[in-house]
Amino acid sequence: MEFNPFLWLYSVIQWVLDRLLSPTPPPPKATLGRPRIAVVGAGLTGVSSASHCVGHGFDVTIFEAGDEKSLGGIWSKVNNTSGLQIHSIMYRFHPSVKWAAGYPDRQQIVSQITQLWKKYGLQERTRFNTSVKSTKQDHYGRWIINDNPSFGSFDGILAAVGTCGDPKMPHMPNQEAFGGDIFHSSRLDGKTAAGKKVLIIGGGASAVEALEFVVHTDAASTSVLARSDKWIIPRNAFVDGLLALNIFGQETIFSWIPEALLKRFFYRDLEDLAPTSEGLFTETPMVNSDIFHQIRDHKAQWLRGDIVRFTEQGLLFRHRAKGVPKGGPGREIEVKGDMVIMATGYQRPSLSFLPDEVFQEPYQPPHWYLQVFPPNHMSVCCNNCTYVNAIGTVGNYHIGIYTRLLLMFLVDPLARPQEYWMKRWIDMTSYLKSHAPTGAFDFFTYSELLYWFIFCIAINPFRWKWAPFVFLGIGSALPRKVVSGEDVIRNGLGMKKRHHE
């Protein structure tokens with residue numbers, strides 16, 4: 001194998017991060033202490049969060065609705081041709097993760113999740129085939145899962161059900177008349193598009209999954225049929241990182257600059273495909289470079305419009321001009337194909353197992369404290385399952401930060417946020433983003449997320465001692481010792497120890 005200095009340097013950086021920041025795995029059969037956390041979901045986020053908890057000495061139980069084949073969440077279900085679109089340096093969901101490539105495929109990602117699960121002894125702390133239907137607090141304020149005390153009681157709930165559940169497979173008019181095959185974009189393993197004309201319905205992240213399959217199986221041609229224009233950004237870590245630096249998390253008077261640069265240097269002759277009515281910082285962009293190469297090589301076309309109905313040989317499609325809204329007028333054409341891939345996304349997993357009060361307006365998800373903590377239940381953290389749109393990544397260091405914030409809230413009475421102030425933070429953020437074209441919490445960038453974390457720690461002096469632990473996962477012993485001393489002082493003054501709700 002040819003020596004690659006960049007991959008070598010990358011492996012060294014990953015080794016250093018692992019040595020410095022990975023919590024120590026507990027010994028086999030170790031008895032861990034409280035707070036005890038119920039983790040709902042054994043996907044990337046659930047496994048990562050649980051490993052942080054046990055690595056810092058806190059007990060967990062992972063509840064997973066599927067069997068062991070579901071370990072890895074959505075990554076256990078997608079095609080083998082699917083892979084990471086952003087660079088893996090932005091997908092470090094745990095410090096111990098070691099990527100062998102810049103853009104790992106689905107099998108490498110599931111392998112890293114499985115290794116992490118085993119490394120931290122989570123096999124003995126995972127209940128497969130156990131769907132969480134309800135979470136209620138007993139008279140001590142501890143959480144009971146599915147009204148079943150045999151599972152034990154928990155001090156906190158960490159929901160990690162993600163945003164992608166079962167595939168959406170809508171039925172379209174005259175679909176039965178089509179003479180070819182119809183598949184969902186996540187159900188393409190074992191299939192081939194070799195020599196076929198492929199029609200992809202949809203223009204979001206699922207379309208990327210479909211395009212990967214098309215490229216790998218050498219289709220004759222590809223037509224992407226999208227209802228709306230969507231920003232496409234290059235598969236480039238530097239560019240993606242720069243876009244995530246918009247700390248305001250919304251469109252600003254300067255947003256035209258990155259938009260113009262993308263049109264000039266990335267879209268180039270295909271500028272007609274760039275959105276006109278939607279800004280870059282309003283919706284999760286499509287991260288892909290292949291589609292433009294395919295279009296320029298005349299192997300693919302991108303058509304904007306609405307599906308009218310299936311035909312025997314393809315689809316009747318109302319092709320709209322640029323700027324014409326969904327459902328608007330256009331020219332009807334028949335787009336012929338041998339295979340239709342429904343890139344129609346996934347159903348969003350339900351959070352209905354949480355108490356009803358966390359969904360009361362105006363403080364319903366995603367309008368929660370730091371977007372993941374319901375203000376009336378600070379012992380609940382919905383990690384990576386409340387966001388709507390973002391520029392950044394769902395699989396990075398914020399998973400550990402959110403987990404350690406929950407642990408800090410549970411361990412330290414003086415660091416716990418009160419419901420009143422949690423709601424005021426939500427109100428303040430809503431006001432600051434009141435002019436955003438989206439809702440205040442419907443879009444954010446990774447730098448805005450980091451600002452939220454820093455604000456959370458800085459606003460309360462009793463959280464300062466926890467800063468190294470929260471941000472880096474180091475030094476938990478010292479703040480816990482300080483908390484014990486604070487409890488002695490508070491008890492000596494006759495102050496009642498506050499319950500964690």
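Leaving aside neighbours within four places in sequence, which residues is L158 in contact with? In this predicted model, the contacts of L158 are I37, A38, V39, V40, S49, C381, N383, T403 and L406. L158 itself belongs to strand β7, which runs over residues 156-159. Its relative accessible area is 0%, so L158 counts as buried. Contacts of this kind do not follow from sequence separation alone: A194 is 36 residues from L158 along the chain, and the C-alpha atoms of L158 and A194 are separated by 44 Å.

One contact of L158, S49, leads to helix α2, which covers residues 44-55. The helix has 12 residues, which at 1.5 Å a residue should span 16 Å; the end C-alpha atoms are 16 Å apart, so the two values agree. Burial in α2 extends to 12 of the 12 residues, and the helix is therefore largely enclosed by the rest of the structure. Among the buried residues are L44, V47, S49, H52, C53 and V54. The elements that cover them include β1 (33-40), β2 (58-63), α3 (106-119), β7 and α8. Just after α2, G57 takes a positive phi of about 95 degrees.

Helix α8, one of the elements covering α2, spans residues 398-411. The 14 residues of α8 reach 20 Å from first C-alpha to last, close to the 20 Å expected at 1.5 Å a residue. Like α2, this helix is mostly covered, with 14 of its 14 residues buried. The largest nonpolar core has 110 residues, and the members touching the most others are I200, F373, Y402 and L405. Helix α8 provides the largest share of this core, 10 residues. A second, separate core holds 18 residues, including I145, F151, L351 and W368.

Two residues show the surroundings of α8 in detail. Beyond four places in sequence, Y402 touches L370, V372, F373, C381, N383, L449, W452 and F453. C381 and N383 also appear among the contacts of L158. M408 lies in α8 as well. M408 is buried because its relative accessible area is 0%, under the 20% limit for burial. Outside its neighbours within four places, M408 is in contact with A415, I457, R463, W466 and V470. R480 is 72 residues from M408 in sequence, but the C-alpha atoms of the two are 9.1 Å apart.

W452, one of the residues touched by Y402, also links to helix α9. This helix covers residues 419-432 and contains T429. T429 has a relative accessibility of 6% and so counts as buried. With residues up to four places away left out, T429 touches A440, F441 and W452.

The remaining feature is internal empty space. A search of the whole structure finds one cavity of 30 Å³ or more. The largest cavity has a volume of about 50 Å³. Its lining is formed by D229, K230, W231, P275, E278, G279, T282, E283, T284 and P285. By class, the lining of the largest cavity divides into three nonpolar, three polar and four charged residues.

Note on methods: Residues numbered from 1 in each chain as written. Predicted model: local features only at pLDDT ≥ 70, side-chain atom pairs only at ≥ 80, totals over all residues. Heavy atoms only, no water. Core = buried A, V, L, I, M, F, W, Y, C linked by side-chain atoms within 4.5 Å. Buried < 20%, exposed > 50% of the residue type's maximum accessible area, 1.4 Å probe, protein only. Helix = DSSP H or I, 4+ residues; strand = E, 2+ residues; numbered from the N terminus. Contact = heavy atoms within 4.5 Å. 1 Å grid on protein atoms, 1.4 Å probe; cavity = no way out; pocket = protein on both sides within 12 Å on 5 of 7 lines; lining within 4 Å. Points joined across faces, edges and corners; volume = space filled by probe spheres on them. Nonpolar A, V, L, I, M, F, W, Y, C, P; charged D, E, K, R; others polar. Expected span 1.5 Å × (residues − 1).
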